[in-house]
Amino acid sequence: MEIPENVKKRLSIPFEENFFAGHTACQGCGAALGLRYVLKAYGKKTILAIPACCSTIIAGPWPYSAINANLFHTAFETTGAVISGIEAALKAKGYKVKGEDGVMVVGWAGDGGTADIGLQALSGFLERGHDALYIMYDNEAYMNTGIQRSSSTPYGAWTTNTPGGKKHFVEKRHKKKVIDIVIAHKIPYAATASIAFPEDFIRKLKKAQKIPGPSFIQLFAPCPTGWRSPTDKSIELARLAVQTAYFPLFEYENGKYKINMPNPKKEPKPIEEFLKLQGRFKYMTKEDIQILQEWVLKEWEELKKKAEIFG
Amino acid sequence: MPKKVVSGNYAAAYAAKHARVEVVAAYPITPQTSIIEKIAEFIANGEAEIQYVPVESEHSAMAACIGAAATGARAFTATSAQGLALMHEMLHWASGARLPVVMVDVNRAMAPPWSVWDDQTDSLSQRDTGWMQFYAENNQEVYDGVLMAFKIAETVNLPAMIVESAFILSHTYDIVDMPPQEEIDEFLPPRKPLYTLTDFDNPIAVGALGTPADYYEFRYKIEKAMEEARKVIKEVGKEFGERFGRDYSQMIELYKTDDAEFIFMGMGSLMGTVKEAVDLLRKEGYKVGAAKVRWFRPFPKKELYELAKNVEGIAVLDRNFSFGQEGILFNEAKGVLYNTDAHPIMKNYIVGLGGRDFTVSDIKIIAKNMKEIIEKGKLDREIEWYHLKR
Ligand SMILES: Cc1ncc(C[n+]2csc(CCOP(=O)(O)OP(=O)(O)O)c2C)c(N)n1
Ligand code: SF4
C-alpha cells in the first residue's frame with residue numbers, strides 16, 4: 001500500500017524500511033524489531049558493526065543480508081574498538097560523521113558482548129570520545145549460544161548454566177547496571193529504551209545522532225526463546241518491564257538525568273506481572289520474588305533521586 | 001638520497017609516515033613503544049596527517065585497524081610478544097575479511113618468565129593466521145619492508161607483518177636510507193580498496209555467516225592470494241630495487257651459496273652475524289654460505305628446493321621452538337623437501353632464545369659440528385639446544 005506523503009509526514013516513526021523480511025530471527029524477537037527501528041531512524045547512510053550474537057545470524061548468511069546498510073560483522077568483544085576504527089577512517093577520508101547529514105556509525109551488540117566480554121572495548125570507545133553510537137540490545141542472556149547467563153541476567157532467572165534443579169540453582173546475582181558504568185564515563189548522551197516504546201526509542205536515536213561524541217543506548221529487547229515466553233507477548237513484556245520500573249526509561253545528557261516514563265506519577269506495578277508471563281522465572285520462590293521486588297524499587301528510588309538532584 | 005641514523009623502531013615509524021598511513025591504532029609494549037611514540041610525535045608536530053587511536057588493548061588495536069581498513073583507510077599498528085598473542089583472534093579477522101593491514105612486530109620472547117628480549121616464537125605462533133611475514137635483518141630492511149608490505153598487501157588483499165628483533169634492531173641506531181617522499185608516493189600510490197563500507201547506495205555486508213556450502217571456498221581464496229603474493233613479492237621487490245637501489249626480488253637472500261658445501265639458514269637479525277661468520281669461515285677454508293629466509297609466509301618453497309639440491313648440508317638456526325616438535329623454520333624446511341629429490345643433511349640448532357647472545361664464535365662451533373656430520377654422512381642428533389647449560 002502506498003502511503004500518501006502528507007500522511008507519511010505525520011508518522012512519528014519513519015516510514016522508510018531498511019530491515020527486510022527474510023531475516024532469520026525467531027518469532028517475536030525483540031532484537032530484530034529494535035534493529036528495524038534503528039534502520040528506520042538512520043536510513044542507509046549508516047555503517048553498522050555487529051559482533052557475535054543473535055543479530056549477526058539474524059542479518060543473514062553470506063551472500064545475503066536483510067540489512068540495507070553497510071554492515072561489518074566483527075568479533076564478539078570488539079564492537080567498541082571496531083566502531084572506533086571505522087569512525088577514525090571516515091574522518092581520515094574526510095567524511096562528515098554524526099549530525100543529520102553525516103554518516104552514522106552504530107555498534108549493535110548484545111548484553112553479553114557489552115556488559116561482559118566487550119566491556120573493555122566499550123569503555124575505551126566511550127572514554128576516547130569517538131563520534132559513534134553504541135547500542136546494547138538487552139535480552140538478558142547469551143541467546144546465540146543457547147541461553148546462558150550474562151552479567152545482565154536478572155536475579156531469579158533460569159538459564160542453561162544457571163538451571164533450576166533439586167538444589168534450586170538459579171541466578172542469584174542482580175542485573176549489572178551497565179548504563180551506570182557507561183554514565184561514569186561522563187559521555188554526552190546515554191539512555192535506556194524499549195521496543196515497546198518505539199517513538200521514545202526513535203526520538204533517542206535522533207538525539208544520539210545530533211549530539212557530537214560517543215552515545216550509548218541500552219535497549220530492552222525481549223527474547224521469547226530464552227525467556228520461555230509466548231511469542232506474541234514480547235511487546236507486552238517490554239511494556240511491563242517499564243511499568244514495573246524493572247527497566248525504567250531515562251536519559252542522561254551532559255550530567256543531567258531525565259526520567260521518561262509513559263505515566264510518571266503512577267506507582268510501579270508489582271514485579272510479578274512481569275515475571276509471570278515468563279517460564280524463566282518459574283523456579284523463583286516467594287522470597288526470591290520479594291528479594292527482586294525490593295531490589296527493583298530500591299534502584300527505582302535511586303534513579304528518581306538522581307533525576308531530582310541532577311535533573 | 002636522504003639518510004638518517006635511526007633505531008629500528010624509528011625506521012618503522014618513518015616508513016609508516018612515508019607510506020602515508022591514514023589510521024594508526026596502537027597499544028604500548030616494550031620494546032615496540034618507541035614506534036608508536038614517534039608516530040604520535042609526527043602528528044603532534046604537524047608532519048603527518050594521521051588519525052591516531054590510542055586504544056585500550058592490542059586486541060582493540062587490531063580491531064580498530066580492521067574497522068579502519070574495511071572503511072577504506074590505510075591502517076598500521078605495531079606490537080610485540082604478549083600484545084601479539086592478545087591480538088591473535090583479530091589476526092584471523094584481518095585476513096579473513098581480506099584487509100591489507102600492515103603491522104610491525106618487534107620479536108620478543110613470551111612469558112613466563114618475563115623477558116623483553118629477542119625471540120621469534122611470538123610471530124611464528126601466528127603462522128596460520130593468513131598474514132604474510134617478512135623478517136628484517138637490519139633497520140634498513142625494517143624501513144623498506146614496511147613500504148613494500150603495504151604495496152604487496154594492497155595488491156593481494158591480505159595483511160602483512162614486518163618482523164624486527166627486540167633491542168638488537170628496535171633500539172639500535174644505524175644508517176637508514178629514506179627515499180624522497182615524491183618517489184615513495186610514486187612507488188606506493190593511495191590505496192584502492194577491494195571494498196569499503198562507504199558506498200551508501202550499494203551497501204554490503206562483510207564477515208557474515210559462511211555456511212558449509214561456501215566457507216571452504218573462502219579459505220581457498222586466501223590460499224590463492226598467498227600464491228599470488230609469491231609473484232607480487234618478487235615483482236615489488238624487484239621494482240623496489242630498480243627505484244631505490246636495494247633489490248628484494250629474492251624471497252630467500254643467498255650469501256655465498258653458489259659453491260657452498262653447507263649453509264646456515266635462518267631469519268632476522270641473527271643472519272647479519274651469520275654472514276660475517278661466513279666471511280671468516282671462508283678464510284679458514286670452509287666452503288659455507290648463508291640463506292636468509294626473508295618471507296616466512298608465503299613460504300619460499302621453490303627457492304628452498306633450488307638451494308637445497310646443490311648443498312650437502314643445511315644448519316637451520318631457529319630462535320624459536322615449537323614444543324613437542326622442533327624449531328619452526330626447521331620443521332617447515334624439512335617438510336618442503338620431503339617429496340623432492342633434494343635431501344641434504346639437515347640439523348636444527350636452537351639458538352638465542354630470550355635474547356641469549358649468539359655470536360660469530362658460536363657459528364664457528366656450529367660450522368665445525370656440521371662439517372663432521374657431513375663427513376660422517378650421519379647426524380649426531382637432529383635437534384641441538386645449542387646454548388644449554390649442562
Ligand atoms: C571470543 C568468543 N567467545 C565466545 C564466543 C561464542 N559466542 C557467540 S555469541 C555469544 C553470546 C552472545 O550473547 P549476547 O551478546 O548477549 O547476544 P545474544 O546472543 O543474546 O543476542 C557467545 C558466547 C565467541 N563468538 N567469541
Ligand atoms: S533467540 Fe531470542 S534474541 Fe535470538 S533471535 Fe531468537 S528471539 Fe531473538
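Buried area is the accessible area that two parts lose on being put together, summed over both. Keep that in mind for the second half of this tour of a predicted model.

**Stop one: chain A by itself.** Select chain A and show it as a cartoon. You should find 12 helices and 8 strands to trace. Turn the chain along its principal axes, and its C-alpha atoms fill a box of roughly 60 × 50 × 45 Å. The radius of gyration is 19 Å, which agrees with the value near 19 Å that a compact globule of 311 residues would have.

**Stop two: inside and outside.** Colour chain A by accessibility next. Of its 311 residues, 59% count as buried. Now switch on a surface: the accessible area of chain A is about 12,500 Å², and carbon and sulfur atoms make up 56% of that. For contacts with a separation of 6 or more in chain A, 71% join residues 24 or more positions apart.

**Stop three: charges.** Select Lys and Arg in one colour, Asp and Glu in another. Chain A carries 42 positive side chains and 32 negative ones, and the centres of these two sets lie 1 Å apart.

**Stop four: where chain A meets chain B.** Bring chain B into view and select the residues in contact: 37 come from chain A and 42 from chain B. Together the two chains bury about 3,100 Å², with 66% of it on carbon and sulfur atoms. Which residues of chain A lose the most area to chain B? Show A:Trp62, A:Asn70 and A:Phe72 as sticks: these three together account for 22% of what the chain A side buries.

Conventions:
Residues numbered from 1 in each chain as written. Chains lettered and ligands numbered in written order. Predicted model: local features only at pLDDT ≥ 70, side-chain atom pairs only at ≥ 80, totals over all residues. Heavy atoms only, no water. Helix = DSSP H or I, 4+ residues; strand = E, 2+ residues; numbered from the N terminus. Rg over C-alpha atoms; globule rule 2.2 N^0.38 Å. Buried < 20%, exposed > 50% of the residue type's maximum accessible area, 1.4 Å probe, protein only. Contact = heavy atoms within 4.5 Å. Areas by Shrake-Rupley, 256 points an atom, 1.4 Å probe, with all protein chains shown as cover. Charge placed at Lys NZ, Arg CZ, Asp CG, Glu CD. Buried area = accessible area lost by both parts, 1.4 Å probe.
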